[in-house]
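Please read the account below with the sequence and the coordinates open side by side. It goes from the whole chain to single residues.

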Amino acid sequence: MKVFLALEGPSDLRRVRWLLDRWLADNVDWFVPEYPDSCRELIGVDPGQKFLKIKSIPERRKELVRGGFGGPHPRGEAGTLHDLRIILRKLNLEPDVVLWLRDSDGDDRRAEDAHEWVERTGESKRFILGYAQQVSEAWVLVGWVAKSAQDDRALAQVSATITRKLPRDAHLLTHKDEVGGAKWALCQLVSDDWDRERQALLRAWTLDDSELEACGLAAFRRVLTHHVGLRRALGLPTHPTVHSS
């Protein structure tokens, strides 16, 4: 199964890979977590790259084709998705699904425009849209739990600095490296320990929708669970049983 990834950056690559592999492990018998690359192929545009950075999409489209859209070019988020479809066609890339993971940056209209575009263009069976509110670090923060006295101290310091309660307010943090932002807060809590980050994200994945709605992870989980194109590519029933987690 070929999955084309359109993401914000490298940190989203590891997070979406963890979530996708967890979902596959829960839903298909043939998926082997120890050898994920033998079960699914993650692709981008450039050789050796497993994703395409969303911000680079408009420029990459201009490199391949200028004008000739067969109609007006959409604006905003829809325009970037439109450019991605042109890139896929121009390069003869035929992934089973296109997994698009984006930060909302607090703009609800961004996700609304994207969903309207996939419905209008008939791409809803191929494109899987995920929007983190406000940033994908919130998905990790909402699943983080203290495991030691040192963790307790780190959480107290972060919560005091950002004047927010974690994980409850994780979705309110913006993506900033400096003190007070989501990226900074996550760094204080997990440093560069990717295993700890993975544990927190996968714990978040198991929480009820009510605990994940604000940060956007619940919506992303529902999209994966119900996505017709993905389920057909995997030979799964296209009308899954609804579960909260």
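The paragraphs that follow take the overall fold, then one helix, then selected residues and backbone features.

The model is predicted: local features need pLDDT of at least 70, side-chain atom pairs count only at pLDDT 80 or more, and totals for chains, interfaces and linings use all residues. Residues are numbered from 1 along each chain as its sequence is written, and side-chain values use heavy atoms, with hydrogens and water left out.

The protein chain contains eleven helices and five strands. Helices (H or I, at least four residues) and strands (E, at least two) are DSSP runs, numbered from the N terminus. The radius of gyration is 18 Å, which agrees with the value near 18 Å for a compact globule of 245 residues. That radius is taken over C-alpha atoms, and the globule rule is 2.2 Å times the number of residues to the power 0.38. Along its principal axes, the C-alpha trace spans about 60 × 40 × 35 Å.

Of the 245 residues in the chain, 50% are buried. Here buried means under 20% relative accessible area, exposed over 50%, and partly exposed in between (1.4 Å probe, protein chains only). The chain exposes about 12300 Å², and carbon and sulfur atoms supply 47% of that area. Accessible areas come from the Shrake-Rupley method with a 1.4 Å probe, and for residues only the protein chains shown count as cover. Among contacts (heavy atoms within 4.5 Å) between residues at least 6 apart in sequence, 67% join residues at least 24 apart. The mean positions of the 37 positive and 38 negative charges are 3 Å apart. For that count, Lys and Arg are positive and Asp and Glu negative, while His and the chain ends are not counted. Each charge is placed at NZ of Lys, CZ of Arg, CG of Asp or CD of Glu.

Helix α1 covers residues 10–27. Its 18 residues reach 26 Å from the first C-alpha to the last, close to the 26 Å expected at 1.5 Å a residue; the expected span is 1.5 Å times one less than the number of residues. Buried residues in α1 include D12, R14, R15 and D21, along with L13, V16 and W18. An α-helix has 3.6 residues a turn, so residues three or four places apart point the same way.

Two of these α1 residues, D12 and V16, are touched by L101. L101 lies in strand β4, residues 97–103, and is buried, with a relative accessible area of 2%. Not counting residues up to four places away in sequence, L101 also touches A6, L7, E8, I54, G130 and W139. F220 is 119 residues from L101 in sequence, yet their C-alpha atoms are 9.0 Å apart.

W139 is also a contact of C215. Where in the chain is C215 found? C215 is in the loop between α9 (209–212) and α10 (217–226). C215 is buried, at 3% relative accessible area. Beyond its neighbours within four places in sequence, its contacts include Y131, A132, Q133, A138, V142 and H171.

Q133, one of those contacts, is joined to Q134 by a cis peptide bond with omega about -15°. Q134 lies in the loop between β5 (127–132) and α5 (137–141). A second cis bond runs from L166 to P167, with omega near 5°, and P167 lies in the loop between α6 (149–162) and α7 (182–190). Most residues other than glycine have a negative phi, and most peptide bonds are trans.

The loop between α6 and α7 also holds T163, whose phi is positive at about 55° although T163 is not a glycine. T163 counts as exposed, at 66% relative accessibility. S191, in the loop between α7 and α8 (194–205), likewise has a positive phi, near 55°. S191 is partly exposed, with a relative accessible area of 48%.

Which residues does Q188 of helix α7 touch? Leaving out residues up to four places away in sequence, Q188 touches A154 and V158. Q188 and V158 are 30 residues apart in sequence and 7.3 Å apart in space, C-alpha to C-alpha. Q188 is partly exposed, at 37% relative accessible area.

Finally, E123 is found in the loop between α4 (108–121) and β5. At 9% relative accessibility, E123 counts as buried. Outside its neighbours within four places in sequence, E123 is in contact with R85, W117 and V118.
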